[in-house]
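Please open the model in your viewer and keep the selection panel at hand. The stops below are ordered so that each selection leads on to another.

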Amino acid sequence: MPTTSAVSEASTSASAVDALPSSHPLRDGRTSGSALLAAYRGSRPEVRPVWFMRQAGRSLPEYRRVRAGTGMLEACLTPDLATEITLQPVRRHGVDAAILFSDIVVPLRLAGIGVQIVAGTGPVVDRPVRSAADVAALPPLDPAALAPITRAAADTAAALGSTPLIGFAGAPFTLASYLVEGGPSREHLRTRALMHSDPQTWHALASWVADVTSAFLRAQVLAGASALQLFDSWAGALSLADYTTFVAPHSAWVLARVADLGVPRVHFGVGTGELLASMRDAGADVMGIDHRVGLDVANARLGGTTPLQGNIDAALLFAGTKALHAHAADVIRRGSTAPGHVVNLGHGVPPDTDPDVLTELVEFVHGCP
Ligand code: CP3
């Protein structure tokens with residue numbers, strides 16, 4: 001496992017895109033002039049880029065139509081359907097990026113773990129992983145199993161033209177917590193207890209997850225994604241000390257495994273205001289910020305050197321146009337202190353969001369000076 005300093009040495013260089021296939025959108029130039037990539041690289045494009053976490057999904061009637069009768073993970077593993085769903089929010093809202101329709105637990109399923117996504121609940125694991133023997137029995141991921149993901153990412157990138165596709169994966173802590181808890185959890189008590197009761201088993205589990213999730217991420221980038229995001233959604237449950245000791249080295253390993261590809265790496269978590277510098281130092285080029293910390297404050301905590309993504313409070317999507325647009329203008333003003341800013345929500349689009357509110361928000365952001 002590399003140390004954090006080894007990771008920063010391996011950070012992206014200008015020629016790193018040479019590691020991508022010659023037909024890749026960043027290699028042949030289709031996405032290299034995009035506003036998203038410019039902002040992720042720390043410059044200020046003419047129009048401020050915006051996309052939304054969970055922009056594909058239940059808020060869109062066209063999504064509900066094509067998903068009817070198909071399970072969530074089955075939809076993720078059907079390339080034509082995943083491609084169509086990924087493109088829907090780009091067509092409807094005019095956002096500046098697509099994010100591949102998939103899920104953080106997809107690589108677990110592809111490795112052979114019994115995991116379902118239960119509507120309204122989230123991922124549920126048939127047999128939780130809690131002991132050294134459970135971890136030793138975890139199967140390796142056969143790279144050939146990633147074929148449906150590669151197909152979906154390649155077809156989507158081809159259909160998107162100059163709009164970049166973002167690839168993503170779950171970070172080791174967030175994914176391991178589903179395996180240990182067996183399903184969604186508020187406090188992640190079993191997972192955090194395991195770190196301290198049996199650190200060796202914890203590290204073995206986190207290493208297995210890091211392997212599987214980084215293979216999933218790398219496959220998406222090689223197939224056509226021009227940027228990537230590592231979701232450590234639940235890392236906000238951790239103290240800085242536990243994050244640094246038990247989690248950061250594994251997330252750093254994932255980010256290092258895609259460093260040679262030269263695409264911007266975004267790192268995001270919820271309630272992670274205390275962890276921002278440590279998450280950045282794990283090897284992120286851009287930090288995703290939730291709604292709890294103003295972007296000007298986040299920028300100061302990060303020393304003013306890291307482009308930011310975020311952080312419109314999703315609650316404001318339900319507060320009327322006037323309040324929403326005033327809030328978005330404030331987010332943009334605070335974001336202007338950072339070296340680059342990609343507008344997003346502080347977390348995912350709630351399923352009951354009125355899609356017209358999102359379309360108008362994109363127009364508003366694009367119209368801001
Ligand atoms: O548009 C996008 O952002 C791309 C698609 C995407 C999904 N999941 C699709 C999805 C992404 C990036 C994810 C990542 C994901 N999945 C995360 C990290 C992001 C975050 O929100 O913090 C996490 C923690 C998961 C695990 C997960 N999967 C949860 C908690 C849920 C919600 C369960 C529910 O029904 O409320 C899912 C299911 C899921 N993933 C849905 C979608 C569109 C909803 C299922 C459906 O439409 O049937």
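Begin by selecting R54, which in this predicted model is exposed, because its relative accessible area is 59% and the cut-off for that class is over 50%. R54 sits in the loop between helix 2 (35-40) and helix 3 (61-67), and its phi is near 55°, a positive value in a residue other than glycine.

Now select Q55, which is found in that loop between helix 2 and helix 3. Is Q55 buried or exposed? Q55 counts as buried, because its relative accessibility is 1% and buried means under 20%. If you display polar contacts, you should find the side chain of Q55 reaching the backbone oxygen of A97 at 3.0 Å. Leaving aside neighbours within four places in sequence, the contacts of Q55 are L60, P89, V95, A97, A98, I99 and V349.

Continue to R64, which belongs to helix 3 and is partly exposed, with a relative accessible area of 45%. Which backbone oxygen does the side chain of R64 reach? The oxygen is that of R58, at 2.5 Å, and once residues up to four places away in sequence are set aside, R64 touches R58 and S59. For a distance across the fold, draw a line between the C-alpha atoms of R64 and I85, which are separated by 9.8 Å and lie 21 residues apart along the chain.

Next, turn on a pocket display and go to the largest pocket, whose volume is about 1400 Å³. Of the 41 residues that line this pocket, R54, R58, D103, G122 and P123 are the closest to its centre, so R54, where the tour began, can serve as a landmark here. Helix 3, strand 2 (115-118), strand 3 (122-125) and helix 9 each supply at least two residues of the lining, and helix 3 gives the most, with three residues. Colouring the lining of the largest pocket by class should show 21 nonpolar, 14 polar and six charged residues.

The second largest pocket has a volume of about 260 Å³. To outline it, select G112, I113, G114, V125, D126, R127, P128, V129, D134, A137, L138 and P139; by class, this lining has seven nonpolar, two polar and three charged residues.

From the pockets, move to the interior. In soluble globular proteins, nonpolar side chains tend to be buried together. Here the largest nonpolar core holds 125 residues, among which W51, W202 and L205 touch the most other members. Helix 11 (residues 199-223) gives the most to this core, with 13 residues. Centre the view on W202 and show its surroundings: not counting residues up to four places away in sequence, W202 touches F173, A176, T191, L194, M195, F246, V247 and H250.

Two backbone details complete the tour. Select H188 in the loop between helix 9 (172-181) and helix 10 (189-197), where a positive phi of about 55° is found although the residue is not a glycine. H188 counts as buried, because its relative accessibility is 3% and the limit for that class is under 20%. Finally, select G310 and N311, which are joined by a cis peptide bond with omega about -15°; N311 lies in strand 8 (residues 308-312).

Note on methods
Residues are numbered from 1 along each chain as its sequence is written. This is a predicted model: local features need pLDDT of at least 70, side-chain atom pairs count only at pLDDT 80 or more; totals for chains, interfaces and linings use all residues. Side-chain values use heavy atoms; hydrogens and water are left out. Helices (H or I, at least four residues) and strands (E, at least two) are DSSP runs, numbered from the N terminus. Buried means under 20% relative accessible area, exposed over 50%, partly exposed in between (1.4 Å probe, protein chains only). A polar contact is a pair of N or O atoms within 3.5 Å; within protein, one must be able to donate a hydrogen and the other to accept it, and residues adjacent in sequence count only if both atoms are side-chain atoms. Contact means heavy atoms within 4.5 Å. On a 1 Å grid over the protein atoms alone, a cavity is a set of points where a 1.4 Å probe fits but cannot get out, and a pocket is an open set with protein on both sides within 12 Å along at least five of seven lines; lining residues have an atom within 4 Å of a point. Grid points are joined across faces, edges and corners, and a volume is the space filled by probe spheres set on the points. Ala, Val, Leu, Ile, Met, Phe, Trp, Tyr, Cys and Pro count as nonpolar, Asp, Glu, Lys and Arg as charged, and the others, Gly among them, as polar. A nonpolar core is a set of buried Ala, Val, Leu, Ile, Met, Phe, Trp, Tyr and Cys residues joined through side-chain atoms within 4.5 Å.
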